[in-house]
Amino acid sequence: MASRVLLNELPAHGELQGHAAALRGASISDLFAADRQRAEDFTLTAAGLRLDYSRQLLHRDARAGLLRLAGQAGVEDGIRALFGGEHLNNTEDRPALHTLLRAASGDGQQERFREVAGARARMRDWAGRLQRGEHRGYTGAAITDVVNIGIGGSDLGPRLVTEALRPYRGTIACHYVANVDPADLQDTLRPLHPATTLFIVCSKSFRTEETLANSLSARRWILDAGAADADLERHFLAITSNLEAAAQFGIRAQHCLPMWDWVGGRYSVWSAIGLSCAIAVGWAHFEQFLAGAAAMDAHFRDSPAAHNMPLLLGLLEIWNCNYLGASNHAVLPYDNSLRRLPDFLQQLTMESNGKGVSAQGAPLDYSTAPILWGAAGTMGQHSFHQLLHQGTRLCPVDFVLPLTTHTGLAQQHRQLVANCLAQSRALMVGRSLEEARATLLQRGLGAADAARLAPHLAMPGNRPSSVISMSALTPAALGALLALYEHRTFCSARLWGINPFDQWGVELGKEISAQILEVLSATRPAQGLDPTTEHLIAAWQEAQSGIDQGQ
């Protein structure tokens, strides 16, 4: 990968700093008043989604400057390189070809696409067999429940998709286990029956610590119920590239689907990692999910910068983070089925772009990925929205809003939509001190009390937000939404000059964990650790001693 100029060295950087300084004292409401076309011109549609970013603290000149910044950073060149299969993951010398997983053709990647098509066919076969009751457990009973065992991208994406597409689910119930805490697996298995449960073990190496620990416990659960070792293959599938380790576990190659090193875990729900989703909602709906993502891919690849939805989202992230000083980003889905979306986006954003050095290893002296957080509306309105409206931190917000509901409860959904639009408007307009005082007088307070309490009711407003809406939360709309944020993340990374496709920051904790586990297992002395860790290990050992003595 050729060396690129960093964000703060680009010619448009100084111009944008000037725009930001001027806009800090501006009013978004005034921007609307001065620009009658603002609502229309700061809105665009793509792949069934509508992005309204007119309530961002941004005017046309600043937007033009951001587009120049993107050109200077080579974002459009990066898009071509991404789809062309260039090795953009330079630290691991790999391409990032997650878009191929949902493509309808190879487009220059024919050999890999044949592998993808083969994996899709096997996914379709397994989903169909399970849905039709053709795959049976060790007693001959049909499988009724599937438990996906993975962590990170092998859990967050499939879990989100399965829950979000609940109205489309078929006859098989899918469950998810990720935490190495034994309570996670135990609580999941408690209502299930070994004879009718199938596990999908998702681990590229088949050595992921948490996944392997849970898989071994699941294996013991099946065997303790009366199954023989030879029966294990009736109850286990694996998504892995380590066929030998899977075979040692008891899963033969015919029950293993592939994972490729050119797909990062957080980009893998489109691959065989999404098998549990395909089982849950049926293959036809999973294909629609892939097609929605492919539609967003085509928009991202082919649209000019000024009308490119993922690129504009990336530029807004850069604008809020690097020019307006926001250190966080809230995503608030106003649909309970999307309550896992912030969890998924946390990994996508912070594992991809939580980097302190450039793609070439040079230290960065500007902020990269903001902290991403959020929860389903309207839940957050009764917890953290207070901080959004009156806190001292700048918290840009993405509202995600399906305009119709699968529930049939139109009146209640109308309330939900009203809340979403009201929150976005309230963040923008706020409430002045005089308006607060007038409100209190209308409530019957005296003039003195109204003047005293008015500062507590006043809200500064001018808090930036965007609304991403769709007609309905369909499989295609969900695919487009996830692909939108994937590409947004790539564009932000390109502007920051970092590699979004590696995650070396997770390695050290794993290495230290292995060392400490040896100490806890009494296979290694507690030497060479810091005093605090040694004290905590001693406390754990004392607690175990109490258990052993029956205390």
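In this predicted model, a polar atom of the Arg463 side chain lies 3.1 Å from the backbone oxygen of Gly391. Arg463 is placed in the loop between α18 (447-457) and β11 (465-470). Arg463 is buried but takes part in no salt bridge, and the nearest side chain of opposite charge, that of Glu435, is 14 Å away. A salt bridge requires a side-chain nitrogen of Lys or Arg within 4 Å of a carboxyl oxygen of Asp or Glu, so a separation of 14 Å does not qualify. Residues up to four places away in sequence aside, Arg463 touches Ile28, Arg55, Leu387, Leu388, His389, Gln390, Gly391, Arg393, Leu394, Leu427 and Met428. Gly391, whose backbone oxygen lies 3.1 Å from the Arg463 side chain, is thus among the residues touched.

Val397 was examined next. Val397 belongs to strand β10 (residues 397-402). With a relative accessible area of 1%, Val397 is buried, because the limit for that class is under 20%. Outside its neighbours within four places in sequence, Val397 is in contact with Ala330, Leu332, Leu388, Leu427, Pro464, Ser465 and Ser466. Leu388 and Leu427 are listed both for Val397 and for Arg463. The C-alpha atoms of Val397 and Phe199 are separated by 38 Å, the two residues being 198 residues apart along the chain.

Side chains of opposite charge can pair when their charged atoms come close. The count of salt bridges in the model comes to 24. One of them joins Arg68 and Glu15, with the closest N and O atoms 2.4 Å apart. Arg68 lies in helix α4 (residues 60-72) and Glu15 in helix α1 (residues 12-23), so this pair ties together parts that are 53 residues apart in sequence. Both partners fall in the partly exposed class: Arg68 has a relative accessible area of 41%, and Glu15 has one of 29%.

A salt bridge is also formed by the side chains of Glu486 and Arg102, at 2.9 Å from N to O. Glu486 is in helix α19 (residues 475-496) and Arg102 in the loop between α5 (75-83) and α6 (110-131), so that distant parts of the chain, 384 residues apart, are linked by the pair. Glu486 and Arg102 are both buried.

In the salt bridge between Asp502 and Lys355, the closest N and O atoms are 2.8 Å apart. Asp502 lies in the loop between α19 and α20 (507-520), and Lys355 in the loop between α14 (341-353) and β9 (371-373); the pair therefore ties together parts that are 147 residues apart in sequence. Asp502 counts as buried at 4% relative accessibility, as does Lys355 at 16%. A network of salt bridges links Asp35, Asp41 and Arg60.

Internal space was also examined. Rolling a probe the size of a water molecule over the atoms shows where empty space is left. The structure holds 5 cavities of 30 Å³ or more. The largest cavity has a volume of about 130 Å³. Its lining comprises 15 residues, of which Leu316, Glu317, Asn320, His329 and Pro396 are the closest to the centre. Elements that give two or more residues to this lining are α13 (309-323), β8 (328-333) and β10. The largest share, 5 residues, comes from α13. Strand β10, one of the contributing elements, is the strand in which Val397 is found.

The largest pocket has a volume of about 950 Å³. It is lined by 35 residues, and those nearest its centre are Thr208, Gly265, Gln503, Val506 and Lys510. At least two residues of the pocket lining are supplied by each of α7 (153-164), α9 (209-224), α14 and α20. The most, 3 residues, is given by α9.

Gly444 provides an exposed position. This residue is found in the loop between α17 (433-442) and α18. Its relative accessible area is 61%, and Gly444 is classed as exposed because the limit is over 50%. The C-alpha atoms of Gly444 and Leu82 are separated by 62 Å, with the two residues 362 residues apart along the chain.

Methods:
Residues are numbered from 1 along each chain as its sequence is written. This is a predicted model: local features need pLDDT of at least 70, side-chain atom pairs count only at pLDDT 80 or more; totals for chains, interfaces and linings use all residues. Side-chain values use heavy atoms; hydrogens and water are left out. Helices (H or I, at least four residues) and strands (E, at least two) are DSSP runs, numbered from the N terminus. Buried means under 20% relative accessible area, exposed over 50%, partly exposed in between (1.4 Å probe, protein chains only). Contact means heavy atoms within 4.5 Å. Lys and Arg count as positive and Asp and Glu as negative; His and the chain ends are not counted. A polar contact is a pair of N or O atoms within 3.5 Å; within protein, one must be able to donate a hydrogen and the other to accept it, and residues adjacent in sequence count only if both atoms are side-chain atoms. On a 1 Å grid over the protein atoms alone, a cavity is a set of points where a 1.4 Å probe fits but cannot get out, and a pocket is an open set with protein on both sides within 12 Å along at least five of seven lines; lining residues have an atom within 4 Å of a point. Grid points are joined across faces, edges and corners, and a volume is the space filled by probe spheres set on the points.
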